[in-house]
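Biologist: I would like to learn how to read the site around a ligand. Please take me through one case.

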Amino acid sequence: MNTAALDTFRAELERLRVEAEAALGTASDANAVEAARVEFLGARSGRLKSLQKMLGAIPAGDKPAAGRHFNEAKEAVGVLLAAAQARVERVAAHVVPIDVTLPGEPVPRGHLHPITQTIRRVQEIMARLGFESVDGPEIEDPWHNFEALAIPPEHPARDPLDNFYLAVARGTDPLLLRSQTSTVQIRVMETRRPPLRIVSLGRVYRPDTADATHYPMFHQVEGLLVERGTTMAHLKSVLRLFASSFLGGDVHVRFRPSFFPFTEPSVEVDMEWGGRWVEMGGAGMVDPAVLSAVGYDPAEVSGFAFGLGVERIAARRYGVSDIRDFYRNDVRFLRQF
Ligand code: FA5
């Protein structure tokens, strides 16, 4: 039978264990753990030591049981202490002291992609020549991408192998990713009256195999001027002024006879800069049939249009020999611009 003294002793031991668990469990650093150790396990005045002294008052028959309970409690508190010490050591090892007086890590600043820089520069130069920047949709209907530009249904330029057509419901017109920015000429002429001076820069898409001068997604700069008395001489002057501002220095522009269904006459535009001729795009006088189709009177106004490859002129300006580099997303390359 347990005596009242043994019961009290056990209750005291349990209270001590619970309090030691709370103190050691919440101790947040080595000092707090050490303070708890002294309080509970201190060799001279620790609380366990005080309880040990009560053992003397336990009746002789209960002494072995009381001793066992005491040892169990002491061991339990010892385990709690070891766990608390290990925990605060782990935390301390991970805390890197912060020196707030050190200079911070520099945050690398990005910049605009060279193609975006080129687009903005072209817009700026053309604005100085009086050309307003306009946008058009990248998903187009066949009217704006082909028909209004005098490219009839049987024309090879409409071949599914040469365009990115979008799947559409049966019976509706197949939309496509525009293959040229000349679509914007039509969109502007449909909604405005001459005189017109616009420039439009944006993405176009063709299933071309990527090589040093081709990419399936690329950018074009489209220019359109419609005014009374416009001639090829105006076209050449504008292109030459543009090229000289863009590339810097004296740039020569050469026209080679060509064909586009929506211009007559049509030319390929080459530019000579730094002793080398490079093909930059196509151009011509807007075909009178196109002017009529949008409700302009070809007897009253005439116009010129041109379309240049943005990657090609950017490559020329920056001395890039492969336009695929613009899209490899290699920051070592992009950082140079
Ligand atoms: C056209 O796209 C005509 N719309 C240009 C035009 C506009 C003519 C207005 C008359 C009046 P072309 O298909 O030649 O033309 O393309 C023009 C330029 O885009 C090319 O000279 C070239 O610089 C660039 N280009 C064409 N295909 C690619 C490609 N896959 N990757 C990069 N640039 C390209």
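Biologist: Which element gives the largest share of the shell around the ligand?

Modeller: A word on the source: this is a predicted model, where local features need pLDDT of at least 70 and side-chain atom pairs count only at pLDDT 80 or more, while totals for chains, interfaces and linings use all residues. Residues are numbered from 1 along each chain as its sequence is written, and side-chain values use heavy atoms, with hydrogens and water left out. Elements are DSSP runs numbered from the N terminus: helices are H or I runs of at least four residues, strands are E runs of at least two. A residue is near the ligand if one of its heavy atoms lies within 4 Å of it. Here the largest share of the shell, five residues, comes from E9.

Biologist: Which residues come nearest to the ligand?

Modeller: The ligand has 25 residues around it, and the nearest are Gln180, Ser182, Arg206, Asp208 and Tyr215. Sorted by class, the shell has five charged, 11 polar and nine nonpolar residues. Asp, Glu, Lys and Arg count as charged; Ala, Val, Leu, Ile, Met, Phe, Trp, Tyr, Cys and Pro as nonpolar; the others, Gly among them, as polar.

Biologist: What polar contacts does the ligand have with Gln180, Tyr215 and Met280?

Modeller: For a ligand, look for a pair of N or O atoms within 3.5 Å. The side chain of Gln180 has an N or O atom 2.7 Å from a nitrogen atom of the ligand. A polar backbone atom of Tyr215 is 3.0 Å from a ligand nitrogen. At Met280, a backbone N or O atom lies 3.3 Å from an oxygen atom of the ligand.

Biologist: Is the ligand mostly buried or exposed?

Modeller: The protein buries 93% of the 680 Å² that the ligand exposes when taken alone. Such areas come from the Shrake-Rupley method with a 1.4 Å probe.

Biologist: Which elements give two or more residues to the shell?

Modeller: They are helix H7 (182–191) and the strands E6 (217–227), E9 (276–286) and E10 (302–309).

Biologist: What is the volume of the largest pocket?

Modeller: Rolling a probe the size of a water molecule over the atoms shows where empty space is left. On a 1 Å grid over the protein atoms alone, a pocket is an open set of points where a 1.4 Å probe fits, with protein on both sides within 12 Å along at least five of seven lines; lining residues have an atom within 4 Å of a point. Points are joined across faces, edges and corners, and a volume is the space filled by probe spheres set on them. The largest pocket has a volume of about 800 Å³. Its lining has 40 residues, and Ser179, Gln180, Arg206, Gln220 and Phe260 are the closest to its centre. E9 gives the largest share of this lining, six residues.

Biologist: Which pocket does the ligand take?

Modeller: The space taken by the ligand is the largest pocket. The test is that more than half of a molecule's atoms lie within 2 Å of the grid points.

Biologist: Which element gives the most to the lining of the second largest pocket?

Modeller: H10 does, with three residues. About 200 Å³ of space lies in this pocket, and its lining includes Arg276, Val278, Arg312, Ala315 and Arg316. By class, the lining has five nonpolar, three polar and four charged residues.

How values were computed:
Polar contact = N/O pair within 3.5 Å; in protein donor to acceptor, adjacent residues only side chain to side chain.
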